[in-house]
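Here are my notes on this one, as numbered points. Have the viewer open while you read.

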Amino acid sequence: MARDRFTPDFDPGGGDTLLSSARQDISVGRWQSLRDLLRATGPAWPVRGHRMRLLAAACVDNSSVESWLAAEPRGGDALVLRAATEVARAFHLAGAAGGGAPVERRRVDQAVMACLQGAEAYPDDPTPWICLISVARLYPAGVRRQELGRWWDELHARDPYSVEGHLQVLRYYSARWHGSHALMYDFARDAAGVAPAGSALPVLLQVARVEEYRAASEEANGRRDTPAGFDRHWDHDEAVGDVRRSWQRWLTARSEEPPAPEEVRHFNYLAHAACYAGLPDLAGPLFRMVGPRASRSPWSCTGDPEKEFVKWRKRSSRGA
């Protein structure tokens, strides 16, 4: 009998069943489960940020968050979700523009105001400050350094080792937005250097390598083949060393439990980097820990995400 074909699970929730249920309710116009989920999540900031980001994505093209606010106009959770949703809507408009005209400044300003209102309504929550740093990318010239620094200070005061917050700063500093490859890598290395044992922050270096590759691919008009001069992008000495250091700093100080839903994306970044760096001794354990739970990025950067995940999972298993 033929073995069943392995199929990765690209659930963006990473296996968070309560989140998946709430997202389904959004699709049929029910908002009460959003309230219940966020209330139950409380100040578990990584979990809350993960759930907030995906709930906002589900609210982009409907009025669920507005219905919630009509019922509870001063609710902190509702106002923070409205902020995250306005940011998601602004990026949706940017995606629809296809890299053409910038998003209308009024829409970006509207998202910023929603973030500031969310921060005032829920002062302890780092999420509105993460959202502010994210939407700052959509201003054609970015924001003043002092303003970005103030938002970063507010975030750092609430959650100094927020992976999502660091990720948004890294993207702001990338060459695709308002910085350079050098600035992006410097930020990632600084973050990895101060990360406490067991923190996923060292994986920012692998995210930076994907960002650099994506920028080169866009310059090459989105071709799937390797951009010119990038034959050794993934497996030169520095790249390989970064993968091993990320493993050492992050995973050797972490329990061997499977990744939590909010960690699945980080595991996929490190697994992708280990595969392309030629390190099956690291890739194999990563695939075993993550199981079938896949994230489309970074695999989509180097090909069809399902084919990439399946191919490298099989190769790493043989190599290990």
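1. Start with the side chain of Asp16: one of its polar atoms sits 3.3 Å from the backbone nitrogen of Leu18. The same side chain also makes a polar contact with the side chain of Arg51, at 2.7 Å. A polar contact here is a pair of N or O atoms within 3.5 Å; within protein, one must be able to donate a hydrogen and the other to accept it, and residues adjacent in sequence count only if both atoms are side-chain atoms.

2. Before going on, a word on provenance: this is a predicted model, where local features need pLDDT of at least 70, side-chain atom pairs count only at pLDDT 80 or more, and totals for chains, interfaces and linings use all residues. Residues are numbered from 1 along each chain as its sequence is written, and side-chain values use heavy atoms, with hydrogens and water left out.

3. Where is Asp16 found? Asp16 is in the segment before helix H1 (17–27); helices are DSSP runs of H or I with at least four residues, strands are E runs of at least two, and both are numbered from the N terminus. Asp16 counts as buried because its relative accessibility is 7%, the cut-offs being under 20% for buried, over 50% for exposed and partly exposed in between (1.4 Å probe, protein chains only). Setting aside neighbours within four places in sequence, Asp16 is in contact (heavy atoms within 4.5 Å) with Asp11, His50, Arg51 and Pro261.

4. Now the core. The largest nonpolar core (buried Ala, Val, Leu, Ile, Met, Phe, Trp, Tyr and Cys residues joined through side-chain atoms within 4.5 Å) has 96 residues, and Leu55 and Leu81 have the most contacts inside it. Helix H13 (residues 264–276) gives the most to this core, with nine residues. Not counting residues up to four places away in sequence, Leu55 touches Leu81 and several others, including Leu19, Ala22 and Ile26.

5. Helix H5 (residues 76–97) passes a geometry check: its 22 residues should span 32 Å, and its end C-alpha atoms are 32 Å apart, which agrees. The expected span is 1.5 Å times one less than the number of residues. After H5 comes Gly98, with a positive phi near 65°.

6. As for the whole chain, there are 16 helices and zero strands. The radius of gyration is 20 Å, close to the 20 Å of the globule rule for 320 residues, so the chain is as compact as a globular protein of that length. That radius is taken over C-alpha atoms, and the rule is 2.2 Å times the number of residues to the power 0.38. Buried residues make up 53% of the chain.
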